[in-house]
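Biologist: Please take a close look at a single part of this model and describe it in connected prose. I should like to follow the reasoning from one element to the next.

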Amino acid sequence: MTRTLDGITVWNGHEERGPVRLGWSGDRIDGMAPADDRFPGLAVIPGLIDTHVHLDTSALDGAGAGDAWPLVTPDAEKAVHVIAHALRFAAFGVTTMRDLAASPVQVAVGRAFDQGVLDGPRLLASGPVGMTAGHGDLFTPPRFRDRPPVADSPDECRRLVRQWAREGATGIKIYTSGGILSMGDQVGWRNQTRAEIAATVDEAHALRMLVAAHAHSEEGIDIALEEGVDSIEHATGIVPRQFDALVAAGIPIAPTLLINDLVAAGGGGIRPEASEKAREAVAGRDPAFLAAGRAGVRFVLGTDANGRFVRHGGQLDELRAMKTAFGWSDERTLVSATSDAADSLGLGDRLGRLDDGFAADFVVVRGRPWRDLAELTPENIVAVVSRGTVLAGQLPG
Ligand SMILES: [Zn+2]
């Protein structure tokens, strides 16, 4: 059955197309014919893509979700919270999200959405491959026995990548520096040997999975680049001598601006140790990011949003921050959350654009956010369509 939105202006992930008759059947756009403007104040843009989220936090507000929640909550219960977060993010226009520290829980929820068991956004799940005492390992206190897996040799790295592939994960996450919210490490710690990272990247690519590398330090960015990862996360320690190589390789970077600023500002139950680390990490970031943006380094929307630090809908604030941080136009900024974000995930032939044959993931908004990003606010979101189904709001007309 074909559904239509007749006479609405479309921004297709690259450019404005003017008023069209947008048709879709199921999860596929099958018509974009020019039409008379029937909804002058409204527009359609592709569903937003956040390349870096974390959904396995408590979806309860405030009380009821202490630090121990991730450690003591059974997986079956976590799945319900993952679903709740995914739907809340989707209500603010995010129709594709990639969880970059997935467990089998996110893999399972993503599969259930894909199978239509529940209406929901596209949830990609990348399984972590990191070392003992690495950034990923240090979210679990040292004496706690029920720990996520780690890999401490090239062979163990290969095995863990294969286990993620068997589980149904769609990608792999690695670490080439220490982190901020992990407990007891330093941002400058090396994470894993070159041989371990090379084995992980080789195995992941052999199994057609992209590798996202968490890297805060200058050294970590070098390692990620040299070992051929597919994206870099955070990159707070980027320096100008790295720009050319990053541009040449076309490696996308998720800048996670707001979370680093939030943690640096402290308060809200953030450990002082983490705030201190974040302050150090962002100390030289802003001028370096502005220069990188001007040099053409490829940044895509990636927020680290988990519904607690960066909240649902925080992607809209992050985009406005990205525009300023990289000296971009409004339209360039929106590209980083749609067509280019899809390309960066290897899904550019299906997602992030509104054209014949593309997925029916779109957002009806008030205003023209590609001309004025300030209009991209929660209040201006009229309807969110994912896989051809209205997930939030109501279609006009
Ligand atoms: Zn993250």
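**A helix pair, its loop and the zinc site**

Modeller: Helices α10 and α11 are roughly perpendicular to each other. The model is a predicted one. In it, the two helices pack at an angle of about 80 degrees, with their axes 7 Å apart. Because angles from 65 to 115 degrees count as roughly perpendicular, the description given above applies to this pair. On the α10 side, the contact is made by Phe 289, Leu 290, Gly 293 and Arg 294, while α11 contributes Thr 324, Ala 325 and Phe 326. By character, the residues of this contact divide into 4 nonpolar, 2 polar and 1 charged.

The loop between α10 and α11 contains Asp 304. Although Asp 304 is not a glycine, its phi is positive, at about 70 degrees. Asp 304 also takes part in binding metal: the zinc ion is coordinated by His 52 through NE2, His 54 through NE2 and Asp 304 through OD, at 1.9 to 2.2 Å. Along the sequence, these donor residues follow the spacing H-x1-H-x249-D. Distant parts of the chain are thereby linked, since His 52 belongs to strand β5 (residues 48-53) and Asp 304 to the loop between α10 (285-295) and α11 (314-326), 252 residues apart.

How accessible are these two donors? His 52 has a relative accessible area of 0% and is buried. Asp 304 has a value of 11%, and it too is buried, because the cut-off for that class is under 20% relative accessible area.

From His 52 the description passes to the sheet that holds its strand. The order of this open sheet of 7 strands is β5-β6-β7-β8-β9-β10-β11, and the pairing is parallel. Its edge strands are β5 and β11 (253-254), each of which pairs on one side only. Strand β5 is joined to strand β6 (residues 94-99) by 4 bridges in the parallel sense, and Val 53 has Asp 99 of β6 as its bridge partner. Strands of a sheet pair through backbone hydrogen bonds, either parallel or antiparallel.

Helices lie across this sheet. Helix α2 (residues 75-91) lies across β6 and β7 (122-128) and runs at about 135 degrees to β6. Helix α5 lies across β8 (171-175) and β9, running at about 170 degrees to β8. The loop between α5 (194-206) and β9 (210-215) holds Arg 208. Like Asp 304, Arg 208 is not a glycine yet has a positive phi, of about 60 degrees. Asp 304 is buried, whereas Arg 208, at 73% relative accessibility, counts as exposed.

Antiparallel pairing appears further along the chain. Strand β12 (residues 362-366) runs antiparallel to β13, with 4 bridges between them, and β13 is joined in turn to strand β14 (residues 389-393) by 4 bridges, also in the antiparallel sense. Val 384 of β13 stands opposite Val 363, and its bridge partner in β14 is Ala 392. In the hairpin of β13 and β14, there are 2 residues between the strands, and Arg 387 takes a positive phi near 55 degrees. Strand β13 (residues 381-386) is largely enclosed by the rest of the structure, because 6 of its 6 residues are buried.

Methods. Residues are numbered from 1 along each chain as its sequence is written. This is a predicted model: local features need pLDDT of at least 70, side-chain atom pairs count only at pLDDT 80 or more; totals for chains, interfaces and linings use all residues. Side-chain values use heavy atoms; hydrogens and water are left out. Buried means under 20% relative accessible area, exposed over 50%, partly exposed in between (1.4 Å probe, protein chains only). Two strands pair if DSSP finds at least two bridges between them. Donors are N, O and S atoms within 2.8 Å of the metal (3.2 Å for Na, K and Ca); water is not among the atoms, so sites may look incomplete. Axes are lines fitted to C-alpha atoms, for helices over the stretch in contact, and angles run from 0 to 180 degrees between N-to-C directions. Angles under 35 degrees count as roughly parallel, over 145 as roughly antiparallel, 65 to 115 as roughly perpendicular and the rest as oblique. Contact means heavy atoms within 4.5 Å. Ala, Val, Leu, Ile, Met, Phe, Trp, Tyr, Cys and Pro count as nonpolar, Asp, Glu, Lys and Arg as charged, and the others, Gly among them, as polar.
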